[in-house]
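Here is a short briefing on a structure. Please have the viewer ready.

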There are 2 protein chains.
Amino acid sequence: MDKLNVDVIAENLMAIHPLLYKSLTRPAKTNSNITPGGMFVLGSLKRHQTLSMSDIGKCLSMPKPHVTVIVDKLIEEGYVERSNDVNDRRIINISLTEKGATDFEELKLAISENLKEKLLLLSSEEIEQLSVASKQVKDILISILSKV
Amino acid sequence: MDKLNVDVIAENLMAIHPLLYKSLTRPAKTNSNITPGGMFVLGSLKRHQTLSMSDIGKCLSMPKPHVTVIVDKLIEEGYVERSNDVNDRRIINISLTEKGATDFEELKLAISENLKEKLLLLSSEEIEQLSVASKQVKDILISILSKV
DNA sequence: GATAATAGTTATACTTTTGTAACCATTATA
DNA sequence: TATAATGGTTACAAAAGTATAACTATTATC
């Protein structure tokens, strides 16, 4: 192999990125009103159940003030809720509400539907392959890039 | 398998997306001044050599006015250049300049360096696996999501 | 107990992205 | 040739993301 694997990986990820960017941030309209940043936060909460404001920021490499803005909006919409930490009263923990979980699931479904149209162009072997490969990429990237 | 493959894929991609978003759009500082949108455009041009304004828009699901804004800035920085189409005088073709190609390569290298730090945590088997899997994901997604 | 560090918010300014409508030039269609 | 369609720009407005500084409250450290 000419190039180092790492460079190949970087190149592949940089090609994947814009494709996901458009396909996943502006999906089919649902009745939910979730911004890309909001989606990221909800996704993190989905995986971790509860996160402090700081943890969300670390998780998504977001400055804390931005986290505040996004969470404020998510609270306004009823998707997440604040609760004070028992041990450290500085900390505010954020968790999904039932509505948040439901609407996020609905959004994922809408995205999935959106994708499904495109995936129909593939053979079932390719779909299987994409299913496996995307899981591998996901797991490895989470292990090294997810900061929480 | 409980869930349909397509839903699994959607879930995986939605987990991959925010990780890439932060790792790839705000990489190590280089002396280039390239916005995320600009990176997308340069990446498209890298793969296709030359694209019309409309094609760029289709490629990236961007409204045409936004393409104009981004390309204007890229021209200002000397990264791309306009040329009139020979057959259809409405069409303006955009292509990378030498500087654009160089600086984009440099940017990719910076991102690659950035990633390399994290990838050091992985075994060589995992790196190999990520290399293969990311290529599979890339190729399949390009085949169904890339509109040009 | 004084001081430093941490968690979170508020305020502010700026850049980027998104969306739409109106417009001109060119090409295709009837 | 009149009309419609296409490619691109201009102008405008609004939403979202980015970045930093200043501030309060709480906890940790000395």
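Copies are superposed by least squares on the C-alpha atoms of residues with pLDDT of at least 70 in both. This is a predicted model, where local features need pLDDT of at least 70, side-chain atom pairs count only at pLDDT 80 or more, and totals for chains, interfaces and linings use all residues. Residues are numbered from 1 along each chain as its sequence is written, and chains are lettered from A and ligands numbered from 1 in the order in which they are written, while side-chain values use heavy atoms, leaving out hydrogens and water.

**Symmetry**
- A turn of 180 degrees and a shift of 0.0 Å along the axis lay chain B on chain A with an RMSD of 0.0 Å.
- The two copies are thus related as by a two-fold rotation axis.
- Ala133(B) comes closest to that axis of the residues of chain B, at 2.3 Å (C-alpha).

**Ser95(B)**
- Ser95(B) sits in strand β3 (residues 92-96) of chain B; strands are DSSP runs (E, at least two residues), numbered from the N terminus.
- Ser95(B) counts as buried because its relative accessibility is 15%; buried means under 20% relative accessible area (1.4 Å probe, protein chains only).
- Thr50(B) is 45 residues from Ser95(B) along the chain, yet their C-alpha atoms are separated by 4.7 Å.
- Not counting residues up to four places away in sequence, Ser95(B) touches Leu45(B), Gln49(B), Thr50(B), Tyr79(B), Val80(B) and Glu81(B); contact means heavy atoms within 4.5 Å.

Definitions and conventions: Helices (H or I, at least four residues) and strands (E, at least two) are DSSP runs, numbered from the N terminus. Buried means under 20% relative accessible area, exposed over 50%, partly exposed in between (1.4 Å probe, protein chains only).
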